[in-house]
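User: I have this one open on my screen. Can you walk me through it, strands and charges included?

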Amino acid sequence: MNDLQIAKKVTLTPISSIAKKFGVDPDQIEMYGKFKAKLPLHAIERQNANKSNLILVSAISPTPAGEGKTTMSIGLSEGLNRLDKKTTVVLREPSLGPVFGIKGGATGGGYSQVLPMEDINLHFTGDFAAIEKAHNLLAAIIDNNIQSKTNTLLLDPRTISWKRVVDLNDRALRRVIVGLGGTTSGVPRETGFDITAASEIMAILCLAENLSDLKTRLGNIFIGYTYDKNPIYAKDLKAEGAMTALLKDAIKPNLVQTIEGNPAIIHGGPFANIAQGTNTVLATLMGMSYSEYTVTEAGFGFDLGAEKFFDIKCQSAGLKPKAVVLTATIRALKYHGGADLKSLTDPNVEALQKGLPNLEKHLENITKFRVTPVIAINKFTSDSDAEIDIIKDFAASKGVRVALVEVWEKGGEGAIELAKCVIDVVKENESNFKPLYRWESQVTDKIETIATEIYGAKHVDYSSKAKANLKVITNLGLDHLPVCIAKTQKSLSDNPKLLGRPKDFILTVREIEIAAGAGFLIPITGDIMRMPGLPAHPASEGIDVNENGEITGLF
């Protein structure tokens with residue numbers, strides 16, 4: 001059976017019962033039907049959260065289809081629960097872009113899923129829609145201020161950096177002209193659309209610690225300059241109050257369940273190649289408040305989501321992870337060893353061995369943060385025993401724990417070995433998390449540290465535009481912010497064609513965007529874009545619904 005068929009065969013437990021099992025009074029939750037609910041922010045217990053064991057699930061550099069971090073995260077939480085360790089998995093919400101594009105949904109796979117699968121992958125509880133509306137409200141207020149003759153801040157349209165967003169892959173919207181149609185239809189200017197997951201408001205929601213903090217961060221969004229070169233923020237437009245009103249429910253974490261009937265929290269959904277790539281601080285703290293173990297994930301490879309999880313989210317929220325589960329697949333290692341994408345299911349020991357340096361580099365990166373890694377081999381039916389043994393032998397040579405994981409096929413049962421490894425790591429208490437850099441360092445030093453230490457670059461080069469951006473950042477007094485580097489997920493470098501473990505390359509920063517509300521800077525490298533496009537044959541072609549309202553084709 002495919003993922004959707006498996007999900008439909010599960011008899012769901014009422015969400016009120018899941019809330020009780022989680023530890024929250026069912027009368028305190030806000031129901032969204034029978035099987036989804038919002039959790040109240042006052043249910044977070046920071047003292048309890050500090051006692052929880054936070055486990056991060058990351059991965060090696062992925063193939064275009066991904067290596068199964070979400071499936072691994074869910075399966076590990078099921079395995080830990082089977083070993084009588086109260087565990088909650090905390091994940092990001094799916095974006096409709098990948099759902100209708102190439103990667104599909106983000107609710108796991110096989111017998112390692114969160115449910116209700118269709119609801120979560122589509123509109124869920126409306127969080128993405130609320131973020132989209134809040135973002136576009138600010139865009140409308142900006143253009144209205146430019147148009148106005150009585151309520152104007154004298155904004156220079158040429159300096160406005162705020163675009164609009166939509167939660168779809170739509171390359172035709174990357175660059176647009178607005179304000180056409182005459183004097184009553186606005187002032188013509190060039191702008192564009194990003195995907196909702198790349199919105200600064202998404203990043204803000206994921207880092208906000210309460211409703212007041214959310215409003216303050218929204219007010220700090222940098223808009224542009226007046227004609228007199230004075231900076232303008234969202235609070236100057238008196239926009240933060242209305243934007244917060246649109247987000248008052250979206251800020252609350254969502255409670256759902258796993259296939260095996262355990263609590264799961266899903267909240268926020270930034271991409272890791274263009275944003276911080278982790279779920280909300282509030283969702284993580286909520287899970288930690290009621291769990292002995294809290295399993296969470298960060299997008300793409302360790303060089304992207306996990307680095308940002310450690311250097312931005314953990315520093316911001318005061319989190320200290322106890323272990324990193326590094327998801328590795330034989331197909332990805334063969335891909336990094338030079339095998340063609342179409343041949344990854346064919347046995348190829350030579351390519352696998354050539355791809356091991358990618359795994360090696362990610363392991364090295366984990367230890368730079370003083371956290372203990374565990375390799376999780378996400379088993380596919382095409383994997384041979386000889387190929388599996390190569391990874392196990394490699395792990396043994398590095399003194400790293402390794403587990404063969406079969407959560408897609410067996411659910412929690414397929415993660416028992418991995419769960420035992422994680423428990424052993426926590427018992428040994430050797431992890432002593434330390435971020436890679438200090439926020440107070442110079443912006444160029446922070447970028448250089450990540451580029452050389454994590455990516456393996458020899459040097460960082462800055463375009464003339466990026467150099468100008470650095471001056472603006474200094475003039476605005478924002479040098480102290482951490483950096484959230486936008487980079488391709490396909491390579492450790494900024495060149496997607498450099499697979500394996502590239503060395504001594506030059507990382508090129510072409511511009512640096514300011515996300516003052518979120519509280520970080522975004523150096524943009526390579527050809528990375530914040531509005532993806534659809535493939536020639538998008539996943540949407542296979543999605544349908546019958547007259548009874550039953551959906552098919554989701555994966």
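User: Start with β15. Which residues sit on each of its two faces, and are they buried or exposed?
Analyst: Y293, V295 and E297 lie on one side, T294 and T296 on the other, and all are buried. Buried means under 20% relative accessible area, exposed over 50%, partly exposed in between (1.4 Å probe, protein chains only). Strand β15 spans residues 293-297, and five of its five residues are buried. Strands (E, at least two residues) and helices (H or I, at least four) are DSSP runs, numbered from the N terminus.

User: What kind of model is this, and what are the ground rules?
Analyst: The model is predicted: local features need pLDDT of at least 70, side-chain atom pairs count only at pLDDT 80 or more, and totals for chains, interfaces and linings use all residues. Residues are numbered from 1 along each chain as its sequence is written, and side-chain values use heavy atoms, with hydrogens and water left out.

User: Back to β15. How many bridges join β3 to it?
Analyst: Five, and the two strands run parallel. β3 covers residues 53-59. Two strands pair if DSSP finds at least two bridges between them. V57 is the residue opposite E297 of β15.

User: And how many bridges join β4 to β15?
Analyst: Four, again parallel, with β4 at residues 87-91. There, V90 has T296 of β15 as its bridge partner.

User: Now the other sheet. What is the strand order with β19 in it?
Analyst: β19-β20-β21, an open sheet of three strands with mixed pairing. β19 (459-462) and β21 (520-525) each have a single partner strand, so one side of each lacks a neighbour in the sheet. The twist averages 45° from one strand to the next. For such angles, axes are lines fitted to C-alpha atoms, for helices over the stretch in contact, and angles run from 0 to 180 degrees between N-to-C directions.

User: Which way do the pairs run, parallel or antiparallel?
Analyst: β19 and β20 are parallel, joined by four bridges. β20 (residues 506-515) and β21 are antiparallel, over six bridges. D461 has T508 in β20 as its bridge partner. E511 stands opposite I524 in β21.

User: Which residues make up the covered face of β19?
Analyst: V460 and Y462. H459 and D461 form the uncovered face. Helix α19 (residues 464-475) lies across β19, β20 and β21, at about 40° to β20.

User: E511 came up. What is its salt-bridge partner?
Analyst: R510, with the closest N and O atoms 3.3 Å apart. A salt bridge is a side-chain nitrogen of Lys or Arg within 4 Å of a carboxyl oxygen of Asp or Glu. E511 is buried at 17% relative accessibility, while R510 is partly exposed at 31%.

User: How many salt bridges are there by that rule?
Analyst: 28. One of them joins K334 and E387 at 3.2 Å, N to O. K334 is in helix α13 (residues 330-336) and E387 in helix α15 (residues 385-398), 53 residues apart.

User: Is that pair buried or exposed?
Analyst: K334 is buried, at 1% relative accessible area. E387 is buried too, at 0%. By contrast, E440 and R438 bridge at 3.7 Å, with E440 exposed at 56% and R438 exposed at 53%.

User: What about K308, where is it placed?
Analyst: In helix α12, residues 302-317. K308 is buried and has no salt bridge; E307, the nearest side chain of opposite charge, is 5.8 Å away. Lys and Arg count as positive and Asp and Glu as negative there, with His and the chain ends not counted.

User: What does K308 contact?
Analyst: Setting aside neighbours within four places in sequence, its contacts are A272, N273, A275, Q276, K313, C484 and I485. Contact means heavy atoms within 4.5 Å.

User: Last topic. How many residues are in the largest nonpolar core?
Analyst: 135, and L138, I221, F310 and L359 have the most contacts inside it. Helix α7 (residues 127-147) gives the most to this core, with eight residues. A nonpolar core is a set of buried Ala, Val, Leu, Ile, Met, Phe, Trp, Tyr and Cys residues joined through side-chain atoms within 4.5 Å.
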